[in-house]
Amino acid sequence: MLKNKDLLGMRDITPEEIHEILNTAELMKTVVTSNNKKTPHLQGKSILTVFYENSTRTRLSFELASKYMSGVAANMSASTSSVAKGETLIDTARTLDVMGTDVLVLRHPMTGAPHLMAKNVKASVINAGDGTNEHPTQALLDMFTMREKKGGLKGLRVAIVGDVRHSRVARSNIYGLTKMGASVVVAGPDTLLQPGLERLGIEVTDRVDDAVKGADVVMGLRIQLERQKKGLFPSVAEYHKYFGLTEERIAMAKKDALVMHPGPINRGLEISSAVADCPQSTIDEQVTNGVAVRMALLFMLTRRKPEAAGL
């Protein structure tokens, strides 16, 4: 079981905990892919997703994970809640906590928001993405997919390509993969690479070809078109030419290399349609695995002993 009552980031958990989460997710995937998606694992438990940012995959997968395990699932949208009237995050958290909520799943544009919430509630808090900091459940489902396809994580060369500077997915994957013995290289234009990334024990390059060459896994990151206004790259066409995942670049990776992307994808920008839909692509399967991983986390957090949770 997890040593802490919350899952706030990959930086905070041990390799042993990662192993246990992935092993539990393996069992949960048999439920997701079965004809009878109903288990009693969360019977009597309540899961509340609290999203201050838009989401499709993450929010729905948490809600489906809860319902597949017979839990009570509800969603709070900041735009239609008392947040719109000026209520603070802490007051909102305390209100939701005293409703008998067992797990709060928070996505927030402010870095550190889940950590602040966790300090003020008895419920377990899962970070579903905070600012440009972390997105731990995305990293766990990515690692689950890699392990399932490759048989393990140790020794894999994983290339992460795109807007690394602003990507919470990239950070969580870097923390998690390096803990599990994988070799990580990140690539993108200098304007989209955060200074000091080398200190995390990874390779950093502005040449995508060098990063992809010999890789076991190639992961594209979403380029947010709104950042174009900040002049971080000259044009969409130029970005795709020099940094996009094309068939020619994927051919430089190992023949059985996986193509991954956290979604949603911008076809013709960070990845071509031919690559997104190629036989090596696991983009759709990542979504399936996301439900299994989130089922595993909800089960593990709601089965913690009271003394371990500090209650």
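What follows is a chat about a predicted model, taking in its largest pocket, some of its strands and a few single residues.

Me: Let's start with the pocket, how much space lies in the largest pocket?
Reply: About 900 Å³ of space lies in the largest pocket of this predicted model. The lining is made up of 39 residues, and those closest to the centre of the pocket are V169, R222, P262, G263 and P264.

Me: And which elements give two or more residues to that lining?
Reply: Those elements are α2 (57–68), α5 (136–150), α6 (168–179) and α11 (283–302). The most comes from α11, which gives 7 residues to the lining of the largest pocket.

Me: How does the lining divide into nonpolar, polar and charged residues?
Reply: In the lining of the largest pocket, 18 residues are polar and 12 are charged, while 9 are nonpolar.

Me: Why would anyone roll a probe over the atoms?
Reply: Because a probe the size of a water molecule, rolled over the atoms, shows where empty space is left.

Me: OK, changing topic to β1, how many of its residues are buried?
Reply: Strand β1 covers residues 46–51, and 6 of its 6 residues are buried, so that the strand is mostly covered.

Me: Which of them point which way?
Reply: From β1, the residues S46, L48 and V50 point one way, whereas I47, T49 and F51 point the other way, and all of them are buried. As a general matter, side chains in a regular strand alternate between the two faces of the sheet.

Me: Which strands does β1 pair with, and is the sense parallel or antiparallel?
Reply: With strand β2 (residues 72–77), β1 runs parallel, and the two are joined by 6 bridges. Within that pairing, T49 has N75 of β2 as its bridge partner. Between β1 and β2 the chain passes through α2, and this β-α-β crossover is right-handed. β1 also pairs with strand β3 (residues 103–108), again in the parallel sense, over 5 bridges. There, V50 has L106 of β3 as its bridge partner.

Me: What about S77, where is it placed?
Reply: S77 is placed in strand β2. Its relative accessible area is 27%, and because that value falls between the 20% and 50% cut-offs, S77 counts as partly exposed. From C-alpha to C-alpha, S77 and T49 are 8.4 Å apart in space, while in sequence they are 28 residues apart.

Me: Now Q43, is it buried or exposed?
Reply: Q43 counts as exposed, because its relative accessibility of 56% is over the 50% cut-off. This residue, Q43, lies in the loop between α1 (15–32) and β1.

Me: What is Q43 in contact with, and how far is it from D91?
Reply: If we leave aside the neighbours within four places in sequence, Q43 is in contact with M69 and S70. Q43 and D91 are 48 residues apart in sequence, and their C-alpha atoms are 28 Å apart in space.

Me: Over to β6, how well is that one covered?
Reply: Strand β6 (residues 183–187) is mostly covered, with 4 of its 5 residues buried. Strand β5 (residues 157–161) pairs with β6 in the parallel sense over 5 bridges. One of the residues in this pairing is V161, whose bridge partner in β6 is A187. The chain crosses from β5 to β6 through α6, and this β-α-β crossover is right-handed.

Me: And what joins β6 to β7?
Reply: β6 and strand β7 (residues 203–205) run parallel and are joined by 3 bridges. In β7, E203 is the bridge partner of V185.

Me: Since α6 came up, is S172 buried or exposed?
Reply: S172, which is placed in helix α6, is buried, because its relative accessible area of 0% is under the 20% cut-off. Not counting residues up to four places away in sequence, S172 touches M10, E134, H135, P136 and A139.

Me: Last one, T246, where is it and what does it touch?
Reply: T246 has its place in the loop between α8 (236–243) and α9 (247–250). At a relative accessible area of 12%, T246 is buried, because that is under the 20% cut-off. Apart from residues up to four places away in sequence, T246 touches H240, S272 and V275.

Definitions and conventions
Residues are numbered from 1 along each chain as its sequence is written. This is a predicted model: local features need pLDDT of at least 70, side-chain atom pairs count only at pLDDT 80 or more; totals for chains, interfaces and linings use all residues. Side-chain values use heavy atoms; hydrogens and water are left out. On a 1 Å grid over the protein atoms alone, a cavity is a set of points where a 1.4 Å probe fits but cannot get out, and a pocket is an open set with protein on both sides within 12 Å along at least five of seven lines; lining residues have an atom within 4 Å of a point. Grid points are joined across faces, edges and corners, and a volume is the space filled by probe spheres set on the points. Ala, Val, Leu, Ile, Met, Phe, Trp, Tyr, Cys and Pro count as nonpolar, Asp, Glu, Lys and Arg as charged, and the others, Gly among them, as polar. Buried means under 20% relative accessible area, exposed over 50%, partly exposed in between (1.4 Å probe, protein chains only). Two strands pair if DSSP finds at least two bridges between them. A crossover is right-handed if, with the strands pointing away from the viewer, the path from the first strand over the helix to the second runs clockwise. Contact means heavy atoms within 4.5 Å.
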